[in-house]
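New notebook page, new structure. I'm going to poke at a few residues one at a time and jot down what turns up.

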Amino acid sequence: MALKLFNRNAICGWSIFAFTLLAVITTLAWSTNLKAYHGLSYRVRGTFIPSMKNLYEDTRGYMLEKRRTIDVSGLHPGQPPYRPMNNCPRNDLPGNGRNLTIVLNITDFEHVEEEIFKPEELVNARKVTREASESISGVYLNHNQTTFMLNDVLSKRVRVRDYWYLPGGHWIPADCTPKWKVAIIIPFRDRSVHLAILLRHLVPFMKAQFLEFGIFIIDQANDLKFNRAMLMNVGYLEGQNFTQWDCFIFHDVDHIPLSNDNYYGCENMPRHFISGDDQWNYKILYNDLFGGVTGFTPTQVANFNGFPNVYWGWGGEDDEIMKRSRGIGLTRTRPKGQMGYYNVIPHHHKSSPKNEVRFCLLKHYRQRLHTDGLNNIKYDRPLVSLLPLYVNISVDIQHLPWNEEKWLDCKGGA
């Protein structure tokens, strides 16, 4: 009887020991995964590779695949091939930033480049950008536009103080791991004056927030009425050929943020970054306003089928995007007070004519929700060129066939 009791106690003791050992191992593994979750990455000598893949749940409960780009060319001789990097400091809490000095006088791209780069940096940046731009044309001509990544083409880089510069206006913090990779998408046509002024402010604004970011100008290369939402679809699709972004911020070319506290990271998406602008006495005209500067994760855009392709001319597409977003259960966020203030650059151009059927399209948007957007967009292969401050994607978008079976209203003017 005593022997049986001893055996039972021994078995119980060994079971407790095994369970404790398993718990310790699990805790260590969880700690390791937690480091990966928060973006710990390594510099690797001699190759341009993505860092670890991990799934994470964003603030709206959607699962995204997040892949980070690792800097590879910043190691000096004698350094080990692998070096852990600390996470970049956060600069998204009220009071951590400062109000920006806004200069809206007319400038040009050459002067803006000279403001952002030191002379030697600019010489090197222009050189690697020119070489990469020549290579990228061949990539686009010889590959399907949605199936390749351009890391190999864009592997050269230049150290610009505390950032690495990649050809085409892609910036990566050099001494820390950024929390977010942000693609800035700017729908565009004939607004060079505005674009130079925006870039003068936007590049230092993004760098002050320790974000990895790239800037894409989506240029409508025809004289048809301007189609902002369709260009947003093009930017979303083409931007993913370069790398995998954590979020996309769709940014009007004439809006200048006034505070560094207005964080352009990928939290709290979808987000309307504007709480007011000088045109409307720094007020929001109506609560559902969703234009100017908006942000989404890639999964969110895919889940509501991207943006409508039928809004030719000014107005209406912003409100439909809001409805699409809300229709899949997303809740828009917005900064409060001065944090979200913008100034609008005075117009030096003729505005696009109004879309005469925008109210009809908006009223009947549900007819097109699942058939108008990413899943029906078609366009000829774009002309892609790299410039020191941005990637220019020139695209000849055209009217798409009207879906007679499902789109029962508004055909006459769309």
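**Entry 1: Asn376**

I started with Asn376, which sits in the loop between H8 and E16. A reminder to myself before going on: this is a predicted model. Is Asn376 buried or exposed? With a relative accessible area of 16%, Asn376 falls under the 20% cut-off, so I put it down as buried. Next I looked up what the side chain of Asn376 touches. It makes a polar contact of 3.0 Å with the side chain of Asn309. The Asn376 side chain also reaches the backbone nitrogen of Gly373, at 2.8 Å.

**Entry 2: a salt bridge from that loop**

I stayed with the loop between H8 and E16, as Arg368 is there too. Arg368 meets Glu320 in a salt bridge, 2.7 Å from N to O. Glu320 belongs to helix H7, residues 317–327, and the two partners are 48 residues apart, so I noted that the pair links distant parts of the chain. How accessible is Glu320? Its relative accessibility is 0%, so Glu320 counts as buried. Arg368 comes out at 2% and counts as buried as well.

**Entry 3: other salt bridges**

How many salt bridges does the structure hold? I have 17 down for the structure. I picked out Glu121 and Arg161, whose closest N and O atoms are 2.7 Å apart. Glu121 is in helix H3 and Arg161 is in the loop between E5 and E6, 40 residues apart, which makes this another link between distant parts of the chain. Glu121 is buried at 10% relative accessible area, while Arg161 is partly exposed at 38%.

Glu131 pairs with Lys156, and here the closest N and O atoms are 3.0 Å apart. This one also links distant parts of the chain: Glu131 is in helix H3, Lys156 is in the loop between H3 and E5, and their positions lie 25 residues apart in the numbering. Glu131 has 27% relative accessibility, so it counts as partly exposed. Lys156 is partly exposed too, with 46%.

I also wrote down a network of salt bridges that links Arg228, Asp252, Glu317 and Asp318.

**Entry 4: Glu212, a charge without a bridge**

Glu212 lies in strand E9, residues 212–220. Which side chain of opposite charge is nearest to Glu212? That is Lys181, 4.1 Å away. A salt bridge needs the atoms within 4 Å, so Glu212 is left without one, although it is buried. Glu212 does have a polar contact, though: its side chain and that of His170 are joined at 2.8 Å.

**Entry 5: the core**

Then I went for the inside. The largest nonpolar core has 44 residues. Among those with the most contacts inside it are Phe117, Trp171, Ile215 and Tyr264. Several elements give two or more residues to this core, including helix H2 (109–116), helix H3 (119–142), strand E8 (181–188) and E9. Which element gives the most? H4 does, with nine residues. A general remark for the margin: in soluble globular proteins, nonpolar side chains tend to be buried together.

**Entry 6: Tyr342**

Tyr264 from the core list led me on to Tyr342, since their side chains make a polar contact of 2.7 Å. Tyr342 is found in strand E15, residues 341–344. Its relative accessibility is 0%, so Tyr342 counts as buried. I also checked the C-alpha atoms of Tyr342 and Leu258: they are separated by 5.4 Å, although the residues are 84 apart along the chain.

**Entry 7: the loop between E13 and E14**

Last stop was the loop between E13 and E14, where Asp278 lies. Asp278 is partly exposed, at 34% relative accessible area. What separates the C-alpha atoms of Asp278 and Asn343? It is 5.3 Å, with the two positions 65 residues apart along the chain.

Leu285 has its place in this loop as well, between strand E13 (276–277) and strand E14 (293–296). Leu285 forms a nonpolar patch on the surface with Trp280 and Tyr286. Together they have about 330 Å² of accessible area.

Methods
Residues are numbered from 1 along each chain as its sequence is written. This is a predicted model: local features need pLDDT of at least 70, side-chain atom pairs count only at pLDDT 80 or more; totals for chains, interfaces and linings use all residues. Side-chain values use heavy atoms; hydrogens and water are left out. Patches are made of residues with over 30% relative accessible area and no salt bridge: like charges are joined within 9 Å, nonpolar side chains (Val, Leu, Ile, Met, Phe, Trp, Tyr) within 5 Å. Accessible areas come from the Shrake-Rupley method with a 1.4 Å probe; for residues, only the protein chains shown count as cover. Helices (H or I, at least four residues) and strands (E, at least two) are DSSP runs, numbered from the N terminus. Buried means under 20% relative accessible area, exposed over 50%, partly exposed in between (1.4 Å probe, protein chains only). Lys and Arg count as positive and Asp and Glu as negative; His and the chain ends are not counted. A polar contact is a pair of N or O atoms within 3.5 Å; within protein, one must be able to donate a hydrogen and the other to accept it, and residues adjacent in sequence count only if both atoms are side-chain atoms. A nonpolar core is a set of buried Ala, Val, Leu, Ile, Met, Phe, Trp, Tyr and Cys residues joined through side-chain atoms within 4.5 Å.
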